[in-house]
Amino acid sequence: MPSTKARNWIQTAESVTAGHADKICDLIADDILDAILAEDRYARVSCEVMVTTGMVIVTGQITTKAYLDITGLVRETISRVGYDDPTTGFDHNSCAVLVMLEEQSGDVALGVDRKGAGDQGVCVGYATDEGSRLPIDTHYMPVPAYLANRLTEKLSAVRAAGKLPYLYPDGKGQVSVRYKNDKPVGIDSVVLSAHHHAGCDMGQLRKDLRRLVINPVLKPTGLMDKSTKVMINPVGTFSEGGPRADSGLTGRKITVDCYGPACGHGGSAFSGKDPTKPDRSGSYGARWVAKNIVAAGLAHRCAVEVSYVIGMTHPLSVTVDTFGTGKLPDDKLAAVVDAEF
């Protein structure tokens, strides 16, 4: 955010599709987590994944009574994402899957067994009503981050529905929003990059993506106008994507998973972690609290920061920052949050 004197600015946020190399890792880690918790709700899971050309590596610490075919589950996730054909450059049938898992450290387990947090960490939740005047529901999210996510979500949906058969799973979106007096007033630019078949016609792709993805997502906001710059596959061909073009890791899209540049985050990844890890559950809880504060009209913007220490049942600190928009002083709001939530 700009200083209090600079009320007019442009803020940009990006997002990626499920076929992006980093997001595949997040999805695999979460599918493993979900499958384990479905059989063993008390399992301890901290799963990390890496992908590269022709290979998936699953590692981390997992303690559970459940039995899973992790290799098969990894292949199912890759297929569901859309990498089910060797022509995409990455294929669920032919890729190697290397599983290197250990049990959770006994020292870490001791802290959780005492009903305390499973790790130290800083958790941040954020909410804003900046989109309240728009004809769409932005769910108290920063407008650039919300729109960038909807853009890549729509791109994935169009590909999955087979509306554009030449599309492959990888893709990225970016939306830059103009602000005036702290309110979004227009979309300065939009960038969309879509992974595609090598023989695809660029002119047709650009027309199709504007018609089926960009316009349906951004036109209803009322923020697009003739001055909005639209760039689709700006570098040209994007026939090599996913793990074939870039290695991927869990947690490398944490800013995409949170609020874009509108607010900081705790820095730790969410995916592949059971609820004893405050990195994830604490951050979700902090978002819930911030959203309630804004929805109740107590502030226009709110960031809730909570810190934890391994083994402790209560947060070490609770901080509320309403950026000067609160109806109550921030320290009083923090006291209410600590007592009520």
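# Helices, strands and loops, term by term

Visitor: What makes the span of α4 agree with what its 18 residues should give?

Guide: At 1.5 Å a residue, the 18 residues of α4 should span 26 Å, and because its end C-alpha atoms are 26 Å apart, the two values agree. The expected span is 1.5 Å times one less than the number of residues, while the helix itself is a DSSP run of H or I with at least four residues, just as a strand is a run of E with at least two, both numbered from the N terminus. This is a predicted model, in which local features need pLDDT of at least 70 and side-chain atom pairs count only at pLDDT 80 or more, whereas totals for chains, interfaces and linings use all residues. Residues are numbered from 1 along each chain as its sequence is written, and side-chain values use heavy atoms, with hydrogens and water left out.

Visitor: How do you know whether α7 agrees with its expected span?

Guide: Helix α7 (residues 278–295) has 18 residues, which at 1.5 Å a residue should span 26 Å, and the 24 Å between its end C-alpha atoms is counted as agreeing. Just after α7 comes Gly297, with a positive phi of about 80°, and α4 is likewise followed by a glycine, Gly162, whose positive phi is near 75°.

Visitor: Which residues of α4 are called buried, and what do they pack against?

Guide: Buried means under 20% relative accessible area, exposed means over 50%, and partly exposed lies in between, for a 1.4 Å probe and protein chains only. The buried residues of α4 include Val143, Tyr146, Leu147, Leu151, Leu155 and Val158. Contact means heavy atoms within 4.5 Å, and the elements against which the buried residues of α4 pack are β1 (9–16), α2 (70–81), β6 (167–180), β7 (183–196), α5 and α6 (254–257). In α7, the buried residues include Pro278, Ala286, Val289, Ile293 and Val294, with α1 (21–39), β5, β10 and α8 (330–340) among what covers the buried residues of that helix.

Visitor: Why is the crossing of α4 and α5 called left-handed or right-handed?

Guide: A crossing is left-handed if the near helix is turned anticlockwise from the far one by less than a right angle, and right-handed if it is turned clockwise. The crossing of α4 and α5 is right-handed. The axes of α4 (residues 143–160) and α5 (residues 202–218) come within 9 Å and cross at roughly 145°, where axes are lines fitted to C-alpha atoms, for helices over the stretch in contact, and angles run from 0 to 180 degrees between N-to-C directions.

Visitor: Which residues make this contact, and how many of them are nonpolar?

Guide: Among the residues that meet there are Leu147, Leu151 and Leu155 in α4 and Leu209, Val213 and Val217 in α5. The residues of the contact divide into 11 nonpolar, no polar and 2 charged, where Ala, Val, Leu, Ile, Met, Phe, Trp, Tyr, Cys and Pro count as nonpolar, Asp, Glu, Lys and Arg as charged, and the others, Gly among them, as polar.

Visitor: Why are β1 and β8 said to stand at the edges of their sheet?

Guide: Two strands pair if DSSP finds at least two bridges between them, and the open sheet of 4 strands has the order β1-β6-β7-β8, with mixed pairing. Because β1 and β8 each have a single partner strand, one side of each is left without a neighbour in the sheet. The twist averages 15° from one strand to the next. Strands β7 and β8 pass the pairing test with 4 bridges, in the parallel sense, and α5 lies across β6, β7 and β8, running at about 140° to β7.

Visitor: What makes β10 a mostly covered strand, and which strands pair with β10?

Guide: In β10 (residues 301–308), 6 of the 8 residues are buried. Strand β10 pairs with β5 in the antiparallel sense over 8 bridges, Gly125 having Val304 as its bridge partner, and 5 bridges join β10 to β11 (residues 317–321), again antiparallel.

Visitor: How do you know whether Asn233 and His139 are buried or partly exposed?

Guide: Asn233 has a relative accessible area of 1% and is therefore buried, whereas His139, at 39%, counts as partly exposed. Neither is a glycine, yet phi is positive in both, near 45° for Asn233 and about 55° for His139. Asn233 sits in the loop between β8 (229–232) and β9 (248–249), and His139 in the loop between β5 (121–128) and α4.
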